[in-house]
Every structure is written in structure tokens, then in C-alpha cells.
Amino acid sequence: MHRRAVVGYGLVLGAAVLGPATAQTARAHRIGFIGPPGARSMADVLRKALADLDLVDTQNLAIETRWPDADQLEQLVEAARQLVEQKCELLVVVGATAARAARSVTTELPIVFVIAIDPVGTGLVASMERPGANLTGTTNYDPQQAARQLEMLKAALPGLTRVALLGDSGAAPTLFVSNERAAQTMGLQVSTVKVERVAAPDFDAAFEAAKREGAGAMLVLSTPVTTAHRKRIGELALKHRLPTLAPRDHADAAMLLSYGTSFAEATRLAAPHVQRILKGSKPADLPVAAVARPELVVNLRTARELGVTLPAAVVSGAAQVIQ
């Protein structure tokens with residue numbers, strides 16, 4: 001009974017329209033946006049990018065949003081079902097898990113995903129060039145990402161011999177495998193630590209396991225759970241004095257290093273897909289767009305708290321340095 005109540009509560013809170021419904025006209029397109037609570041800024045980015053394409057919310061566009069918990073699949077499915085029933089013309093979804101949830105509800109309504117990792121390898125699309133079916137979107141997946149971020153960790157911590165990989169049990173297996181292989185290629189030992197996709201993941205146990213196995217650093221993988229709980233992860237990294245590299249958009253969580261592509265840029269790239277679909281294009285014919293400009297953020301405040309002296313070459317190569 002309690003679980004059902006929580007699900008309903010989360011969806012009711014997230015049912016707001018981005019803008020007054022009274023401004024809608026008969027000509028307005030209606031689209032749905034499904035993202036975890038932490039993705040509200042991405043909805044704002046999408047709204048601005050669409051406005052630049054003359055699709056202005058509350059004028060010729062209405063955006064219905066839902067903010068289900070990213071770790072609760074039933075909430076994602078129910079959110080997609082609600083938006084389909086409300087006659088949205090397409091759905092914009094954040095992440096591969098949300099994309100699969102939406103696809104389970106409709107195989108006809110166009111779905112535009114944002115930041116889905118390895119959409120081909122995870123079976124979301126047939127190919128990057130010709131997605132097929134009713135899905136297309138953007139990805140920040142870089143086949144070289146695993147090697148690049150591990151190289152970054154080794155450059156920052158020259159004596160590193162073992163790294164812990166932190167992700168959640170529902171993430172695509174390819175995400176773990178690619179990083180494990182890259183670490184082994186570089187002569188690093190690997191400890192893979194997974195937390196469950198639940199409302200309160202046991203990150204304390206994850207860090208304790210990493211330290212127990214002798215990890216000298218932690219690599220936080222980009223998954224719904226790690227993104228939603230990034231600030232908790234940052235706190236525990238300081239508590240356990242474990243240098244941590246996380247995705248670029250985790251820089252607000254006091255990670256020592258944050259590296260990768262921007263979620264905001266991936267969201268902006270989705271806007272032309274939305275525009276073309278509303279004009280009649282089919283998702284099956286729209287190539288998946290890839291973000292290919294990684295950035296490094298260095299947090300010197302965290303380095304001081306950890307007692308880590310970062311090499312000058314690592315600091316000078318950062319796009320942003322937090323003092």
C-alpha cells in the first residue's frame with residue numbers, strides 16, 4: 001500500500017505543464033517530457049532550444065512534464081502511459097531506461113531520447129544512421145570514453161594500481177564491460193561495485209567495499225541512480241578519502257575530477273529532432289546525434305580536502321577549475 005502511494009504522489013507532483021495551460025491554442029503542438037527530478041534543468045534547456053526553432057512553449061507548443069523517480073521502472077511506464085493518453089504528439093525521455101519504458105507503452109508514438117548510452121548496443125535503435133521503429137535521439141556515448149577517463153585518473157594519480165567502478169545493477173552490461181577492459185589494458189586492477197535501483201541505494205556499503213578491496217580511486221559511471229544521488233556520492237568520497245572521477249555533469253557534487261560530455265548539449269541536439277518530427281519526419285529516418293566534445297572539470301577544493309596534489313598538466317588541461 002505504501003509503495004503505491006509513493007508512486008502516485010511522485011507522478012501527481014510531476015504533472016505540471018511548463019507554462020499556463022490557458023495560453024494553449026488549437027494550433028499548439030503537444031509534447032511530453034519524462035525525466036528524473038534532477039533533470040528539470042534539461043527541460044529548461046530543451047524549451048529554450050525549441051524556442052530558437054520557433055516552437056515556443058505556451059504559444060504554439062505545450063510541454064507536459066513528468067518527474068518519476070529514475071530508479072522506479074513502474075513510475076516511468078505510468079508516466080509514459082499518461083502522456084500517450086493525453087494525446088501528446090511525441091515523447092522526449094531522459095536516459096535509456098526511460099526510453100525502454102516509453103517503448104513498452106507505445107510502438108507508434110515518436111520517442112526522442114536524450115543521453116542514452118550506447119543506443120545500438122543496448123538495442124534501442126538498429127543503427128545510428130537509420131534508427132528504425134519509433135525511436136531516435138541523442139547520445140553522449142563515446143566508445144573511447146572508458147579509456148580516456150581512466151587515462152585521466154592515472155595522470156592525476158600516478159601511483160594508482162586499483163580502481164573501483166561504481167554503477168547500478170540496472171545499467172547496461174556494456175557500460176561495465178567497456179570500463180573493465182579499458183582498466184585491464186592499462187594495467188589497472190578493477191573492483192566493480194553495483195548498487196541496487198531502489199529509492200535509497202546503499203552507497204555506504206559500496207564505498208566500504210571499494211576501500212576494503214584496496215581501491216585507490218573510484219570511477220563513477222553514468223547511470224540514473226548515480227546521477228540522482230551524485231551529491232551523496234561526493235560526500236562519501238570525501239568521508240572515505242577516495243579520489244573520484246565522475247561524469248561531466250556531476251561537477252556540482254564536489255568530485256575531484258568530472259569528465260565527459262555535457263547533458264545540456266545533448267539536450268540541445270534533441271530539439272531539431274523534435275522539430276522535424278512535428279513537421280512530419282519519421283524517427284526511423286533521423287540519425288541519432290552524438291555529442292563529441294568532452295570537458296574536464298578539476299575541483300582543487302576537493303583535492304585539498306583529500307590531501308591530493310594534482311599534476312600541473314592535469315589542472316592546465318581542464319575546461320573549468322573549481323578553487
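This presentation covers the empty space in the structure, taking the pockets and then the cavity.

Good morning. Please bear in mind that this is a predicted model.

I begin with the largest pocket, which holds about 770 Å³ of space. Its lining comprises 42 residues, and those nearest the centre are Pro36, Ile115, Thr223, Pro224 and Thr227. Four helices give two or more residues each to that lining, namely α2 (40–51), α4 (96–105), α8 (224–228) and α10 (263–278). By class, the lining of the largest pocket divides into 22 nonpolar, 13 polar and 7 charged residues.

I turn now to the second largest pocket, with a volume of about 310 Å³. Here 24 residues form the lining, and Ile117, Gln145, Gln149, Leu175 and Ser222 lie nearest the centre. Which elements supply at least two residues of this lining? They are the helices α5 (145–156) and α6 (173–185), together with the strands β9 (244–247) and β10 (257–260). Of these, α6 provides the largest share, 4 residues. The classes in this lining are 12 nonpolar, 9 polar and 3 charged.

Finally, the enclosed space. The structure holds 1 cavity of 30 Å³ or more, and the volume of the largest cavity is about 30 Å³. Among the residues lining this cavity are Gly234, Ala237, Leu238, Met255, Thr302 and Leu306. Two helices, α9 (230–239) and α11 (300–306), give two or more residues to the lining, and α9 gives the most, with 3 residues. Is the lining of the largest cavity charged or free of charged residues? The lining has 8 nonpolar and 3 polar residues, and no charged ones.

Thank you for your attention.

Notes: Residues numbered from 1 in each chain as written. Predicted model: local features only at pLDDT ≥ 70, side-chain atom pairs only at ≥ 80, totals over all residues. Heavy atoms only, no water. 1 Å grid on protein atoms, 1.4 Å probe; cavity = no way out; pocket = protein on both sides within 12 Å on 5 of 7 lines; lining within 4 Å. Points joined across faces, edges and corners; volume = space filled by probe spheres on them. Nonpolar A, V, L, I, M, F, W, Y, C, P; charged D, E, K, R; others polar.
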